[in-house]
Amino acid sequence: MTMTMTSESSSETSNIEKGAEDLSTQTTKAPDGGLHAWLVVLGGFLTYFATFGLLNSFGIFQLYYQENILRNTPASTISWIGSIQLFLLFIGGIVVGPIFDSYGSRSLLICGTLIYVLSVMFTSLSTELYQFILAQGFMFGIGATMLFYPTISAISHWFDQKRGLALGIVVASSSIGGICWPFMLERLFVQIGFAWTVRTAGFMCLALLAPSCLLIKPRLPPRKSADVKFGAIKDSFADTRYVLLTAAMFFIFWGMFIPFYYLPSYGLAHGMSLYMSNNLLATLNAGSFAGRIVSGILADKLGRFNVTFICALCAGIILMCLHAIHTATGIIVFSVLYGFFSGGLISLQSACVAQITPDINMIGVKIGLLMAICSFGVLTGNPIGGALISGASGHFGGFIDFSGIILLFGAVLVLIARMTMDRKLYTII
């Protein structure tokens, strides 16, 4: 009888362990679809349109400030406004990533929306450089950071095999925003003036971000703060793949964003009208929209590291070709092609991190660490580009060489990271 009871107890224990294992598998395995998953994608689409879309349009503000409000301020100094936006967006991940992993998304999204909308409204009241730096630089960057990381991390909870597509759709909305915002801003600056144009943008952002606070939510429960251990972060830098990917994205982002700031000035210097020069950003973002969707689809089929390398290589080569492009038609074609290949790099870096992260709960932390390191590149890249243009009396050769060379070096590092996983070039990685 004792043996029977022991056997029954052992069987019950086995069933409990099996049930716990099944539950764990169900919890950690991403559904790759379903209503809740695609609603998160929709919320991310609205968030990126409002935030990254407006950030991608800073070249419009750069040119407007140079010609109007801050006409006596050097272009390289004005570019610090946009560089601070990007710097805070990137480095903020080291704080916001662990907060997301420990507490979820709702509080971050609500606070981020309030700060972001207030930053746009305060920008409409600004007239001095320091005011623009505080409102459009620091406040904008902080608000965008609190919206960016919960969005991109939550999507990784819901998607695995289709992660590249999901992230591509969300990040593509920033390109759609980058098409729409320049057209709207360029026209409204003339019709209703700077202040009310920016306020109108602020109200639009509020309308887009409010529903996102409800739509975006993680699938997995928050982890306790103690669960995100320093040892796990230290182990990330013991992973050669992660270290190489981080170094690669540092150089890629260091050079990649510079044309987004100075392409309108390049067009204006080569005979294009102010209207056509401003619209170059819309053209660039149109190419970026297509690139982000196509790269996301190809990444799921051909490998995320493979497609990231191809995008970085082509973007660097096309940027170096700008030396020989001086006509309006050529500059427009450049903006489309550069936008196409650079577009995929923004979405695919997160997909690459997720691919080499076995513990899905560490995705937010690892993306945050990568972007924090990259932040120092985006902070200095645009002022360096502006200084190279000013130092060459308005010639763009130095700016093109600097951006193109470091972008190509980043592509080489992506290839090395990919080769550490499999030396066969035809393998899907």
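**Notebook: pocket lining and two bent helices**

I began with the lining of the largest pocket, where H4 gives the largest share, 4 residues. I note that the model is a predicted one.

Next I looked up which elements give two or more residues to this lining. They are helix H4 (58-67), helix H9 (163-191) and helix H14 (274-302). I then listed the lining residues of the largest pocket: Ile60, Leu63, Tyr64, Glu67, Asn68, Glu186, Phe189, Val190, Leu274 and Asn278. I sorted them by character and got 6 nonpolar, 2 polar and 2 charged. For the volume of the largest pocket I have about 170 Å³.

I turned to helix H16, residues 328-355. Its 28 residues should span 40 Å at 1.5 Å a residue. I find the end C-alpha atoms 41 Å apart, which agrees. Where is the kink in H16 centred? I place it on serine 347, with an angle of about 35 degrees. I also checked burial: 20 of the 28 residues of H16 are buried, so the rest of the structure largely encloses this helix.

Then I took helix H5, residues 75-91. From first C-alpha to last, its 17 residues reach 24 Å. That is close to the expected 24 Å at 1.5 Å a residue. At which residue does H5 bend? I find the bend at isoleucine 81, and H5 turns there by about 30 degrees. For burial in H5, I have 13 of the 17 residues as buried, so H5 too is largely enclosed by the rest of the structure.

Notes:
Residues numbered from 1 in each chain as written. Predicted model: local features only at pLDDT ≥ 70, side-chain atom pairs only at ≥ 80, totals over all residues. Heavy atoms only, no water. Expected span 1.5 Å × (residues − 1). Bend = angle between axes of the 7 residues up to and from the residue. Buried < 20%, exposed > 50% of the residue type's maximum accessible area, 1.4 Å probe, protein only. 1 Å grid on protein atoms, 1.4 Å probe; cavity = no way out; pocket = protein on both sides within 12 Å on 5 of 7 lines; lining within 4 Å. Points joined across faces, edges and corners; volume = space filled by probe spheres on them. Nonpolar A, V, L, I, M, F, W, Y, C, P; charged D, E, K, R; others polar.
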